[in-house]
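Hi,

Here is the structure I promised to pass on. Have a look at it first, and my notes on what turned up follow below.

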Amino acid sequence: MKDLHSHFLPNVDDGAKSEEMTLLMLKSALDHGVTDILFTPHYIVDSRFEKTKEENRAIFEKMKNVAKFMGINVYYGNEVYCSAEILSLYKEGKIATLNNSRYMLIEIPMNTKMHNVKEIFFELLSHGIVPILAHPERYTAYYEDYNFFYDLRKMGVLMQLNFPSLVGFYGRQAEKMAKMLLKYNLISFVGSDLHSNRDEKYEKMEKAKNIIVKIVGEVNAKEIMENNFLRVIYNQEI
Ligand SMILES: [Fe+2]
């Protein structure tokens, strides 16, 4: 599996708290056969999570080299918190797309509806940036609101599932949503959203993989777990 969403970079957001912790997380990835990981630290405007790619460059390069030595490819991006300022933040070079591609990982508020999500995504799409909605199964405000996700998909927005949702990591609602979104072909990627070596998410990967294969079949599962990740890395169309 290739992991599109994670918080491995030490001391930049609420993810890894030290370089030692990053190493333990990488060891867990290696032990469970994860070959490629996008490091996607939070960028939340007007919060304590506003480090730019430039500010994170030195620590990212260091961790990337360690990962490479272990046999894991890592790449940089942000998990950007949705706001009307995304486009200007991007133009100012403050937020990063995934590996400098056209694809941007974006989260929306967890428990409340944001009235202008579609307008913001539309604006990005019209400027050539393809939003990837992080963990659609986790937004309680949109529980069972399949029309919302269909509308986004029709606009050209892609979606990334947190695979631990499939085995109940975030509760029964998220598990149900995860399975339904897969069933309706709305998911293009998976990620761990790993924040700590104590999360024990990769331990759930094998079971999650089997569920994905069972719902979408072998061929589509490979697209979701491997091929679409590479298309992002090489900035190819999906
Ligand atoms: Fe995240």
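**The sheet, then the rest**

Six strands come together in an open sheet, ordered 3-5-6-7-8-9, with parallel pairing. Strand 3 (42–43) and strand 9 (189–191) are the edge strands, each pairing on one side only. Before you go further, keep in mind that this is a predicted model.

If you want one pairing in that sheet to click on, take strand 6 and strand 7 (residues 130–134), which run parallel and share four bridges. One residue pair to look for there is Tyr103 and its bridge partner in strand 7, Val130. As a general reminder, strands of a sheet pair through backbone hydrogen bonds, either parallel or antiparallel.

**Strands 1, 2 and 4**

There is more pairing to see nearer the start of the numbering. Strand 1 and strand 2 (residues 36–39) pair in the parallel sense, over two bridges. Lys2 has Asp36 as its bridge partner in strand 2. Strand 2 also pairs with strand 4 (residues 73–76), again in the parallel sense, and here there are four bridges. Asp36 turns up once more in this pairing, with Asn73 as its bridge partner in strand 4. So you can step from Lys2 to Asp36 and on from Asp36 to Asn73.

What do strand 1, helix 1 and strand 2 make together? They form a β-α-β unit, and it is right-handed.

**Overall numbers**

In total, the protein has seven helices and nine strands. Its radius of gyration is 16 Å, close to the 18 Å that the globule rule gives for 238 residues, so the protein is as compact as a globular protein of that length. Along the principal axes, the C-alpha atoms fill a box of roughly 45 × 40 × 30 Å. Buried residues come to 40% of the 238. If you care about contact order, note that among contacts with a separation of 6 or more, 76% are between residues 24 or more positions apart.

**Helix 6**

This helix got a closer look. Helix 6 (residues 172–183) has 12 residues and reaches 17 Å from its first C-alpha to its last, close to the 16 Å expected at 1.5 Å a residue. Which of its residues are buried? They are Ala174, Met177, Ala178, Leu181 and Leu182. Looking down the axis of helix 6, those buried residues fall within an arc of 130°, so they line one face of the helix. They pack against helix 5 (146–155), strand 8 (158–162) and helix 7 (205–233). On the face turned away from the buried side you'll find the exposed residues Arg172 and Lys183. Just after helix 6, Asn185 takes a positive phi of about 60°.

**Two residues with distant partners**

Ile86 sits in helix 3. Is Ile86 buried or exposed? With 24 other C-beta atoms within 10 Å, Ile86 is buried, because the cut-off is 20 or more. Leaving aside neighbours within four places in sequence, its contacts are Val80, Ile120 and Leu124. Ile86 and Glu123 are 37 residues apart in sequence, with their C-alpha atoms 9.6 Å apart in space.

Met21, in helix 1, counts as partly exposed, with 18 C-beta neighbours inside 10 Å. A separation of 7.0 Å lies between the C-alpha atoms of Met21 and Ser196, although these are 175 residues apart along the chain. Setting aside neighbours within four places in sequence, Met21 is in contact with Pro10, Ala16, Ser196 and Asn197.

**Backbone angles in two loops**

Two asparagines are worth a glance on your Ramachandran plot. Asn11 is not a glycine, yet has a positive phi of about 60°. You'll find Asn11 in the loop between strand 1 (2–3) and helix 1 (19–31), and it is partly exposed, with 15 other C-beta atoms within 10 Å. Asn99 is not a glycine either, and has a positive phi of about 50°. Asn99 is in the loop between helix 3 (86–91) and strand 6 (103–107). For Asn99, too, the neighbour count is 15 other C-beta atoms within 10 Å, and the residue is partly exposed.

That's the tour; over to you.

Cheers

Methods:
Residues numbered from 1 in each chain as written. Predicted model: local features only at pLDDT ≥ 70, side-chain atom pairs only at ≥ 80, totals over all residues. Rg over C-alpha atoms; globule rule 2.2 N^0.38 Å. Buried ≥ 20, exposed ≤ 12 C-beta atoms within 10 Å, placed from the backbone. Contact = placed C-beta atoms within 7 Å. Pairing = 2+ DSSP bridges. Right-handed = clockwise from strand over helix to strand, strands pointing away. Expected span 1.5 Å × (residues − 1). Arc of directions from axis to C-beta.
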